Structures are given as C-alpha cells and as structure tokens.
Amino acid sequence: MKQYRVIGKSVPRKESWDKVSGRVKYIDDFQEVGTLHVKLLTSLYAHASIGKVDTDEAWKVPGVRMIVTGEDYPLLIGTTIKDRPLLAFDKVRYYGEPIAMVIADSEAIAIQAVSSIRVTYKVLPVVNSPVQAYQNDAPLVHEQVEQYQIDQDADGEGASGGIHPVPGTNIANRQGIRKGNIDRGFAQSDFIVEEIFSFNQSDHTAIETRCADVEIKKTGEVIIHSASQEPFEMKELISETFNIDEGKVQVHIPLVGGSFGAKTSVQLEPLAYVASKAVGGRRVRLRNSREEDIATSPVHIGLHAKVKMGCTKDGKLQAIKLHFLFDGGAYAERAIPVSKAAAYDCTGPYAIKNVWCDSLCMYTNHPYATDFRGFGRTEAAFGVERTIDIMANKLGMCPLEFRLKNAIQPGDTSPTQVLLNKSNLGDIRECLLQLKDLIDWDRGQRIDISDRIVRTKGISCAWKNGDPPPGVGAGAILTFNSDGSVNINSAAVEIGQGTKTVLTQMVAEKMKLSEDEVFIQMEVNTQMSPDNWETAASRTTFMSGNAVLRAVEDAIRQLKRTAAIILKVPVDELEVANKKVYKKTSPNISIDFSEIVYGFIFPDGKVAGTQVVGRGTYMIPGITDMDPVTGKGVQGPEWGVIAQAVEVEFDKRDNTFKLIRAVSVADAGTVLNYKGAETQVMGAMNMGLSFATREGFLYDDEGRVLTTQFRSYKVMHYGEQPEYIVRFIENPVKGAPFGSRGLGEHGIMGMPAAVANSLSLAANVSLQQLPLTPEFIWKTRLKAGEVY
Amino acid sequence: MNDELTLDINGEQRVATVRMADTLLDVLREKLDLTGAKRGCENGDCGSCTVLADGLPVKSCMMLAVDAIGKKLTTIEGLHDDPMQHAFIEKWAFQCGYCTSGFILNARALVNQYPDATDEIMEEWLSSNICRCTSYQEIREAVKSVLKEQRFNVGRPRSRNKR
Amino acid sequence: MLPFNFEYYRPSSINEAVELFEKLDQDGKKPIYLSGGTEITTLGRLNQIFTKAVIDVKGIPECNALDFKQNSVVVGAAHTLTQVWESKILPLLGEACVKIGDRTSRNQITLGGNLASQIIYREAVLPLLLSNSTFVVAGIDGIHQISVHKIFKEKLLLKRGEFLVQIKVNGKYRNKPFFIEKKRKSERVDYPLITIETLKIDRSIRLAISGLCAFPFRSYEMEKELNKTGISLEERIDKAVLRIPAPVISDIRGTSEYRIFVLRNTLLDALIDLEGVR
C-alpha cells in the first residue's frame, strides 16, 4: 500500500479551537443591527382547505412591519417538481405547513402577532400513511399533479432520469429496477420468503435549527446568508423562481451546525426573500424553533416495504422482488430522488441475477421528506437485511456465512446493470471476514447470561454509490501568501464532516508541505468561490478533492516554470517540497516559494513569472441518466461497502435491552484522515442506532405530528451508546483523490437492520418495524405467544 | 418595560438593558455578544445553551436573566486553554461544534465537583446534553482523560463541592 | 424567547409576597409565583402560560429552610431538586427528586415548582404522599399547615394568592426502607411511563404512582391488596392492579396495556426488594 506523509494522519480539524472556545459563528450568531424578524404562522391541520386568514388583530401589535399570506404570493416552488406553495393557499397539506408570515422589529413581537392571526379551516380527510395513499379510494393530496412544472434536468442528488407523477393517484413517482427475469429467478429457488417492513417518518434534528437571512439591495442584488448544504442550487432556485438574474443572487454559508441531509432542501430562503421584499429589501431573519424544525421543515422519509426473496437450498440467492411505498409527505421535490436512489442500490452488496423493484414515492398528509444520511439505502437495507437473516434462518445457515456466500464481487453486476470491478466496488467479503473476528462471531450469536438476560449479535451489510446526476462537478482556487503558505478556496460546505481539513491535507501531501502551512476559507460565498455541486451524496471529497488536486498541479506547474527561469534548470528536472522548488538531482539548487509566488524580479528589472494562482476544476465522468422503468444506467462512480454488527443484552421479562457493542468494517478506499474517518463512521452508527431504537414520528388520527420537541421526539443521550469499534480496509478507487471512497453516510446504513437482527434473535420473534421500543418488542412477542 | 441589570460573567461585571421576561440565554447572546451558548431548543431539552452559575451547569434558556443576578456566571468564552478544551480536540469529541460549548461547560463543572467521577456519575451529568454528530464515545474519552490527568496533578487537589 | 413581557418581583418575606400578589392581582396582572422559573420560560414561549407579573419566592427565608429538628424534616419549596437530593435529609424524597428531568435541569427545577407543575407527573409528591407529609402554605390570611392528602388531590390545590412555602415530614421516615423505580419508554431522560415508590412501615407497604393515570396518587385500595398475606406475590399484584383508581393513560410514551405490564413487573421488583423474598 502506498505510504503518505499527511494523508491518513489524524490532523485535527482546522476550526477546532474556534469550536471549543465558542468563537465559531454559525448563522444565528451573526447579529446585524436593524435586522427584522420573521415568524411563520403554521397549519393546525394536516389536510384542510383554507378559508379566511384574518390578520386584523395581528396588525394591531406594535412593531409589526408586514404580514404576508399565501394569497399574496400564489407561487409554486421546488427543485425537481414544483408542487409546493411558498405559503399555503387554497389548502394545507400537512400539519405545520406555513400559511402566513409576520415581519416585525423583534422575534418576540413577531411571535405575538402570529398568535393573533385567525385562520378558518375546512378540514379534509387525511392521507395518514403511504399504504393508505396507495389505495384506489384514497383522498388525493394533490388533485392536479399533471399541471405541475417539472424540471427534468434538475441536478440535485438522485434526480436523474426524470420525474413521473401519476395523475389521479397519490403516486409522485415510480422508479423501477428490472434486471434478469424475476419469474425465472423464483422458479429456480427452493426457498422463498416474503415479508413486510415499515417505519414512520423521523427527523434529522441537527442541533442547529435551520435559519436564513435575506436582504435585497437597491441594485436588486439579493444577499442570502443561510445554514445550507446547497448554496449553488439555492442561487439557481431563487433566481428562477423570482426571475432575478442569477448573478445578482449571492449566497453566504458560514459553518453549519449539523445537517445530516436536512439542510439540502431550500425552504426558508425563498420565504425570507419574500419577507425582505415586503419590507423594502431590509435584512430579515427567519429562524426555526425546534418545533418548526421538526414539523414545518422537511424530514426523514418513512417507508412501507414488501421484500420477497428466493434462494436455492445450498444458499445461493436467485431473485429479489421489492415493493417500496415511501412516505414522501405532502411535497415531493427531494423525496422522489431519495426513493429513486433506494431502488438503484436496492439489493445491498449481494450478487443477485434477477432483481425486480418498484420504488414509489407516495404523497401523504405528512411533513415533506428530504435527504437523510444514507439517502434511501438505510431505509431499503432495513427490510432487505432483515429478510436475509430470515432466509438464512429458514435454510439453517449462519447469517454471516450466508452473506459471504452471496457477497457481490468484481464481475457481477449492480441492480442498475453496471459491471463491477475492483475499483468501482469495495470489498464486502473482506469487510465481513474482519467483522467476524472483531465481534467474536465464533463465540456464538446467542449467549444466555441468566434466566432473564440473553446476549445476541446481529449483522448487516450495506453499500452505497453516490447519485450525482451527469454533468456536475466542482472547482477550486489556490493562492499563496508571501511566506509561501497556501490558501484554498473551495465551496464545499463544512457541516461537521471535516471536508475542509481533508482538503488542506491533500494540498499539504501533494506540495510536500506541513498541514499548518495550508489554510482554507471555512465560509462559502457563491460570488467568490467556483461552483461546487451540493455538499451531499458522500461525493464532496471526491469532487472538491479532485478539483483541489488539479489546482495543486496547476500551481506547481506555474511555480516550476518560474523557478526554471531563475534556476536555469529545465522544468522536468524540478521538484517542490517544503515551500521550495529544487533540482531533483541536486537539492541545493533551489528557490523558496516566498520569492516566486508573487513573481520574481531580477536585479535588471526583468520579470520571471507572475502571481501564482492555482486553478482546478472537475466534472465526474461516466455518469448516465437512469432509465425510469428498468433502472439501467450508471448512477455514480463507485460503491463503498460496509459490514456492521450490533450486540445487545435483552431482558426477556421486561423486553428492555442495552446496546453493548457495535462494530463496523468499511472499505475506505484510502483513509484520508484516520480519526476523522473513524469518528464520522462512529457518529453515523450512533445516529443509526438512535433512529432504529427510539426515533420516528407519531401522528394522531388526523395526521398531526405529536413529537415535535426533544421531550417527545427522543434521540440517543450520552450513556446509552454501546462501545463502538470501527476498522477500515483500503481498496483504492481509480480516479478518486488518493483512491478514497465515500464514507460520511455508510456508518448509518446497516445499523437499523443489524440491531433488529440482534433483537429478533434475542426476543425470538421477527421484528419488522421501527423504532424497536420495548413496547413494540413486547407486543410482537405477545402476538407470537412468546409472552403472556 | 426594560430594566438595567448587572451580571457577573467570566469575572467581569456586565451591564445590560433587558426585558424582565428575557432569559439568560437571550441576554448573553443578544445583549452581551456572548454567542457561545447556543439556541438548540429553547426548551431546556438539548443543553446547547448550558452555562455555569456558581460552578453548576444550568440551561440558560430556562433561567430568567434577572434570576442570574448575584451568581458567578461562566460561559464558554470564559474558558482559556482549559484542559477540557484540549481534551475535546484531542479525542475528536465534536464535529459540527454546535453542542460543544454546552458539553464542555457541563463536563468542566463535573470534573470540578467530582474529581473521582464514576461512569455512572458521568452518565448522570452528561445525559443533560444532546450531541447529534458524535457517538458520545469520543466525549466520554475526552472527559475521562481530563479526570485522569487531574488525578495525576497532585499540585492542584480539588475536592467535591469546592467551587 | 418569551413573546410577552412581565414585571418581576423578588420579595424577601412571606407577607411581602402575599401582599404583592393581592395588589398585582387587583391591577389585573394575573400574577404568578415562581421559584426555578423553568416552567414559565418553557411553557411561556409556547403561550401556554401568560402573566404580566411574576413573584419570585426564592428570596424568602422560609422557602429556603432545610433542617431536621424536633423529629421533623423541613424542606423549603425553593430548593432545587439537586439540593434536596444532595442534602440527604430525606432519602425517600431525594431519590424521587433525582429521577426527574436531567441533572442540569435538576439544578434549576425546584421542589415547589415540581409539586405545582402544570405537567401531569409531579413525581416529587410520591414520597410526600407516602410519608403523610404536611404542606406549609402561605396566603393573604396567614400561614397554614395542611396535610398532603387534603391539599394534593391529583394536583396541588392552592387557592388564588397562595403559595407553597415548605413541606414537613416526620423524622421517622428518614430511615424506613423504600423502593423507587422510574420506567421510561426507552430514553434515560424522559417523562415516566410510570414511576412507583413504595415504603415499608412495620410490615405494611405503602404505594404511590406517577405516570400511570393522569395524575400522581397514593392508593390505599391498592396497598390493601398488596398487603394481603397468604397468597402469592403475583396474586397480590393482580388484585392490586384491579384497584387502580382512575383510567390508565395511553399516550406517545406507551399504551395503557403496556403501562400495566410495566406496573406489574415493577411492583414485583418492589415487593421482592422490600419483603426480601425470593
């Protein structure tokens, strides 16, 4: 394996000290005097037609500057399908949907005024689950879906291949996978299992709630400050929605306080734009309360999945048929891409010749869904990986051996019919083999500790390709300081994943500098930085990294060219290191960067070179559109793989459990920053366990979300986590920076299935619904006659 | 109705004009520019607004500013080169950093009060805060490393309840 | 961020407090007493509490009493839950307090605040019901000492203008064996599915429960069944469950059936613990 100096090292985050000393400024920490505050009036019903919106009392509150209602701006918006009103008019489609907004001198005044607005509703029958949405007689969430504008060239994650809502139904989109011959696959199978899995929507709950500031200058320039993963897509959307020249829209993104997919959708910014416009362009701030961040802003998708699997008696998988009904909620702009991506990688990392999948994104009267870490894979893997355990159990095979036997290999094809090789596919077999040792698999999958307590282990695999649509890329610019140190300008957003630091490591590695000599701009400003596709899909390091590496090459080329003139040495005999350009064969012949980065002047006034500015751009090659019916196409550059295990201790009397240990072995391609990678995966594992064991919205019969605070929407707290162990294997990817694979999402993907497999074994029942609360386990055992 | 009040923050007397209904968090952030305490839920549930009052962690979102008069307040801006800050960096105990001020202050108070803190006490204290990025294992390691370092540091004995 | 503003008063005596209340009430300011302030800040921001004046009782010496003399434990209502627990003055109470909320919140929530809470659990009352405590209440017509059983029925029944000053508990309860368990849906920081506290006096067991019904209670009926002799623990529990005094709640934390399942197991643990059998 290739040895690196800086790559792979646990270089602490560049912004570390700012973060531990309270100096980091997130958007809510910038307080510009004179900013007006916006508060949303949100719907009390999940489905209702709006009668009168009476603002008379609200206007009487001193300090109110303007009130805007849906009627004032009857606009439909969306990055893929334009199905979402900016502010609801005619009707509301989910509990918490914005109906009106108050712009006032302070947040307190705005809240007070909002609570004085009276709305008359006429309640409509609700669509309260994706299964209900799929019934022929279901009420329609959107009556005239055929009239919506669709951007078939939208360049958001997973958007490729078009969007096809079915008029007269609640189907927002249907993505198919047709590989091989499904009927023949089942005919060749000795064993067939068919099971149903489900979970409700849930939420990202990044601790920083979404927030946007907008002002409109006299010149018409729109200045947006926002906590977002998508500055460039936002710029485009604002420009096109409000018919503003794109150059006049400027987006600033400071450091972001966590996202996990939440901040990919553009929701508050257009509202804040309208609010600013309503008050003559003054700067306004629209910030979510926690309750709004959970119910009003987009959420993690829910799913009802039917999984049918066929297998020969010696344990070779022959066929898989999947029917996904995703709970996309009331609006589908980002839910559709998630549901499409779930189909592309639907099998998990197994070689199955006959694959059939229909992945439907359903409209319901629930909050609308957006990206969530794993982007469809976490969701699909829960059902598929549980079914694999059920199948292994039926065959009497060890679930780990069963997975090894069916593990996908170079030479196999993906569900999207891409031929796999050592580069575009991680090594899942090796991951499983290492996992087996780390979890002490051979000491037994189930161990009785006492009459009441049993310890069990469950495993799961997962894989993920990114889903950037064709034609997206990134750019980077390098500049130099007079001491020879380097500045990176890249518009990758720092959401806590550590991308910015990794980019400095790449430059330090390539230029043979110390990482302290490379600086990076933490904030993003769309006017200053070259375009960068959204910070999503675990593709940021891939694209921004490649752009940065090209910028390094460009800078080195310039440095050598200048040095060649001064040192009188041919360019190809020169090398760079330690802020010097030197002759390879006699390093004493050298010149410091500090002397040439701004150009060099000879005593006679002649000039060699000019200021060095490294420029690098990158576009992912080889991505194609995806066929909506068969799913054929190349959705991304490589599949990262992970094998995971969870050990639990289950109390058979109380049906409670403790998480004991969780292990992941991932193919990182090349580890870029060891602690960075390890803690990313550990954090994702924790989020996966939290999601699987505690989270999930509860709705009342009228479709209202009941869990809109941390008091009711429970996430994992300190002390409840198991011991985490993470290991990496390294099979580099061709064309990726230093051969690295996407890693930020993989840690979450197999966790729900692994813990469900473990608990199913412990409780001696098949657990097929999330979250795995003690009450749910108790009820399942009660039904199965396991307890009385 | 606005009133002027004086708060003892990070060893300084700070004067602010406030509404009586303002929370300590509102005043720290909006009147005193101490934005290290964050708004995560404003409901006492997430702990990202945690500050120390007379050495004890409190959630500044559910404390009236007027109630903080006479208390010695410490915010994250009041820590300088604290071993807990070093430990959080060394153990990678944060990612996005939004919950970090609250976690560090809570942990700081914990090791002051309980130099021999057991896992159980650490759990009791630190489950007052929510982190969504890390796995908590990193935070655990950070706090443990400070406890350990402190035990070796015989020159500075600390005992429980000594503030 | 409270959308409304209010006047803030911090009287230093009981008289001053009740007189202030009278006056502010007459002025139409809908005054409320507070001590920790955690409920006004969290419910107020959602417009679930409204007032134009608050009276903070923390500065009143009697509200900060904490002593054990003449065989009586006195705990001022303004003590935080953490202080009550750390004082170890009444373990029966301290252990109930330490199960409420999370540690940081317990540094702020006061005993009086929990007992007078708008939220249904009010778990600090469980030991006070079990120990037949006395509540010291101040109002415009003076200071009254009232049995917990008279003043706490489902919730704290204060008359307009009254506030809780202290609670008093007979010193004999300081070292009687008790059992307390809080069962949550799945998180360590959450409201209870159920919290039960049992106390053994001589040979008989007393029982108080929060979270099972829409209010905390002590049930003599259930106690009677649990104290029956000559039948198995399970039978005693079965009979006690039939005597639950009000409908068992179903909510986002658990269904009523599940709460009863959890109750049975927890009662079994309590009986085993207190009776030392099995």
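Colleague: What share of the 278 residues in chain C is buried?
Modeller: In chain C, 61% of them are buried. Keep in mind that this is a predicted model.

Colleague: OK, so what ipTM does the predictor give the complex?
Modeller: The ipTM is 0.97, and the pTM is 0.97 as well. For chain C, the pLDDT averages 96, and 99% of its residues score at least 70.

Colleague: How many helices and strands are there in chain C?
Modeller: Chain C has eleven helices and 14 strands. Its C-alpha trace spans about 60 × 45 × 30 Å along the principal axes.

Colleague: And what radius of gyration does chain C have?
Modeller: Chain C comes out at 19 Å. A compact globule with 278 residues would be near 19 Å, so the value agrees with that.

Colleague: What about contacts in chain C, how many link residues 24 or more positions apart?
Modeller: Taking the contacts with a separation of 6 or more, 59% are between residues 24 or more positions apart.

Colleague: Switching to chain A. How many helices and strands there?
Modeller: Chain A has 19 helices and 35 strands. Its C-alpha atoms fill a box of roughly 95 × 75 × 50 Å along the principal axes.

Colleague: Which radius of gyration goes with that chain A?
Modeller: For chain A it's 27 Å. With 788 residues, a compact globule would be near 28 Å, so chain A agrees with the rule too.

Colleague: How much of chain A is buried?
Modeller: Buried residues are 68% of the 788 in chain A. As for its contacts with a separation of 6 or more, 79% join residues 24 or more positions apart.

Colleague: And the outside of chain A, what's the accessible surface?
Modeller: About 25700 Å², with 50% of that belonging to carbon and sulfur atoms. Chain C has about 10700 Å², and there 50% belongs to carbon and sulfur atoms.

Colleague: How far apart are the mean positions of the positive and negative charges in chain A?
Modeller: They're 3 Å apart, taken over 88 positive and 96 negative charges. In chain C, with 40 positive and 33 negative charges, the mean positions are 2 Å apart.

Colleague: Now chain B. Which residues of helix H4 are buried?
Modeller: H4 of chain B runs over residues 119–126, and the buried ones are B:Ile121, B:Met122, B:Glu124, B:Trp125 and B:Leu126.

Colleague: What covers those buried residues of H4(B)?
Modeller: The cover from chain B includes strand E4 (56–59), helix H3 (100–113) and helix H5 (137–152). Chain C joins in too, with helix H3 (81–87) and helix H5 (103–106).

Technical notes. Residues numbered from 1 in each chain as written. Chains lettered and ligands numbered in written order. Predicted model: local features only at pLDDT ≥ 70, side-chain atom pairs only at ≥ 80, totals over all residues. Heavy atoms only, no water. Helix = DSSP H or I, 4+ residues; strand = E, 2+ residues; numbered from the N terminus. Rg over C-alpha atoms; globule rule 2.2 N^0.38 Å. Buried < 20%, exposed > 50% of the residue type's maximum accessible area, 1.4 Å probe, protein only. Contact = heavy atoms within 4.5 Å. Areas by Shrake-Rupley, 256 points an atom, 1.4 Å probe, with all protein chains shown as cover. Lys, Arg positive; Asp, Glu negative; His and termini not counted. Charge placed at Lys NZ, Arg CZ, Asp CG, Glu CD. pLDDT = per-residue confidence, 0-100.
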